[in-house]
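Hi everyone, thanks for having me. I'd like to walk you through one protein chain today, one piece at a time. Please have a look at it on the screen.

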Amino acid sequence: MLILLPVCRNLLSFLRGSSACCSVRVRRQLDRNLTFHKLVAWAIALHTTIHTIAHLFNVERLVDARTEQQRTLKTALSDLGDIPGDSYLNFARSKFESPGGCLYVAFTTLAGLTGVIITLCLILIITSSTKTIRRSYFEVFWFTHHLFIFFFAGLVIHGVGKIVRKQTPDSLSVHDPDTCAKNYTLWGEIPSCPKPQFSGNPPMTWKWVIGPMILYVFERLVRFWRSQQKVVITKVVTHPFQTYELQMKKKGFKMEVGQYIFVQCPAVSMLEWHPFTLTSAPEEDYFSIHIRVVGDWTERLFQVCGCDKQEFQDAWKLPKIAVDGPFGTASEDVFSYETVVLVGAGIGVTPFASVLKSVWYKYCNDALNLKLKKIYFYWLCRDTHAFEWFADLLQSVETQLQEKNNPDFLSYNIYLTGWDEFQAAHFMVHHDEEKDVITGLKQKTLYGRPNWENEFKTIASQHPSSRVGVFLCGPEALADTLNKMCISNSEADPRGIHFIFNKENF
């Protein structure tokens, strides 16, 4: 039940929208859906291991009880059901020596067979979900993850065989276990101890998963309906370093800043859907994504969109695209704060393209009613050339804010984390120029990594007694660092400075 609900993206987006009247703290819990999904998965794996090991011991004991020569209470209970009309307790009905008897029980009973299937499915799902497989072989992760269909089907029918059995209430009234256990050799021969009757416990799993399964089926139906809606690619822009931009239109498409969509291209793959952050603003009459060629799917899409060709491409030659979404993220709460800190690492800068564009539109149209008053933006990357499109956006926003006589509205710092000696010498030569030699911005590029302790203390001194939203799209190590900085630099006094950490998850 708990593992299905966090992956119902449309449900979570609906809840996020309907909880807009609630505090940011309440809405932030929905942003941890994938983390919760993973924790539940590990909990299932742990309890599956315990459950399986326990049954291995249980099956061995029951098989041995069927072949034991000495007449004991255990063999007396196991022999029940051999005579027609009697009910049984021991589900190992055939008399085979171990280990053959154990294998026979495991692969001939419904519970054993479904148990083997769902355990194998679980092993494949979890091992293919590791970060290495997911990033390097996404197709393996994607296809293997859909074994959850067989997992849940096997789980629902796992208990249909009713191998877990107990004495019936009617039998308990005439056959007292405490008394009759001492007279097990006389069962059926004395009136006070007739043969005990047993019945299996009915399967219960379906009661726990039927609700989430119905919700998930509706989720998939909504996704299918969305995927059938027509999407028109209005423009394809090729950027340096194998980055390309798709500008699209879709009837009824409404978005918020920082949201993401899933994209499918039938010309590349009929089954694969990949998530991309929207880089356009809600105020624009189109929605766009920026894609960098980092794998087979993105490279194939790069080719079918004609990005590898020099000549102009006709619109009717562009491939068909299916879009599912948009889906909500933590970045939607940017406008709930007066002061925000935006941190993007590498390609993680894409959500903030949407944010900065929308901020600019809102600032130009209704600056007085805009709650957001100050943005601190940090961009960490190994090579800014790969994201020249974003540097151009920053340059445009910087120029426009200067024209509005409010250059202090946006403070940004670009950190280059990778360079060589030749580049360093080139930077030194051009350091005194008015604009940065790399980005063309007035703010000079910094080298290395930020001293987050100093940065947070500086921001805290500039904005006392305020709540500062910290938004990150980047690696887990950086997330851990920023989360600790938010905690350590927040004051215990409710009237003091408080940093609220938010991380993109998709």
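Let's begin with helix H17, which runs over residues 452-462 and has Trp452, Phe456, Ile459 and Ala460 as its buried residues. If you look down the axis of H17, those buried residues fall within an arc of 100 degrees, so they line one face of the helix. And what does the face turned away from the buried side of H17 carry? There you find the exposed residues Ser461 and Gln462.

Now, which elements do the buried residues of H17 pack against? They pack against four strands and a helix, if you follow along with me: strand E9 (339-345), strand E10 (374-381), strand E13 (467-473), helix H18 (476-488) and strand E14 (498-503).

I should say right away that this is a predicted model. With that in mind, let's zoom out. The chain has 18 helices and 14 strands. It is 506 residues in length, and 45% of them count as buried. Here is another way to look at the whole chain: take the contacts between residues at least 6 apart in sequence, and 71% of them join residues at least 24 apart. As for the outside, the accessible surface of the chain comes to about 27,200 Å², and carbon and sulfur atoms account for 60% of that.

Staying on the surface, let me show you a nonpolar patch. Its members are Leu103, Phe107, Leu113, Ile117, Ile149 and Phe150, and together they have about 600 Å² of accessible area. Which helices supply at least two residues each to this patch? They are helix H5 (100-108), helix H6 (110-127) and helix H9 (148-157). Ile149, for example, sits in H9.

There is a database record to put beside this. An unreviewed UniProt entry gives the annotation "transmembrane region" to residues 103-128 and 140-161. What do those two spans look like in the model? Residues 103-128 are 92% helix and 0% strand, with their end C-alpha atoms 28 Å apart. For residues 140-161 the span is 73% helix and 0% strand, and the end C-alpha atoms lie 33 Å apart.

Next, a residue in a loop. Leu370 lies between helix H14 (350-366) and E10. Is Leu370 buried or exposed? Its relative accessible area is 8%, and buried means under 20%, so Leu370 is buried. Who are its contacts? Leaving out residues up to four places away in sequence, Leu370 touches Phe335, Lys362, Tyr363 and Phe409. Also, Leu370 and Ser336 are 34 residues apart along the chain, while their C-alpha atoms are separated by 9.8 Å.

Finally, two residues with a backbone angle worth pointing out. Lys162 is not a glycine, and yet it has a positive phi of about 55 degrees. You'll find Lys162 in the loop between H9 and strand E1 (165-167), and at 35% relative accessibility it counts as partly exposed. Ser465 is not a glycine either, and it has a positive phi of about 55 degrees. Ser465 is in the loop between H17 and E13, and with 57% relative accessibility it counts as exposed.

That brings us back to H17, where we started, with its buried residues lining one face of the helix. Thanks for listening!

Notes:
Residues are numbered from 1 along each chain as its sequence is written. This is a predicted model: local features need pLDDT of at least 70, side-chain atom pairs count only at pLDDT 80 or more; totals for chains, interfaces and linings use all residues. Side-chain values use heavy atoms; hydrogens and water are left out. Buried means under 20% relative accessible area, exposed over 50%, partly exposed in between (1.4 Å probe, protein chains only). The arc is that of the directions from the helix axis to the C-beta atoms. Contact means heavy atoms within 4.5 Å. Accessible areas come from the Shrake-Rupley method with a 1.4 Å probe; for residues, only the protein chains shown count as cover. Patches are made of residues with over 30% relative accessible area and no salt bridge: like charges are joined within 9 Å, nonpolar side chains (Val, Leu, Ile, Met, Phe, Trp, Tyr) within 5 Å. A salt bridge is a side-chain nitrogen of Lys or Arg within 4 Å of a carboxyl oxygen of Asp or Glu. UniProt positions are given in the numbering used here, feature names are shortened, and annotations may be inferred rather than shown by experiment.
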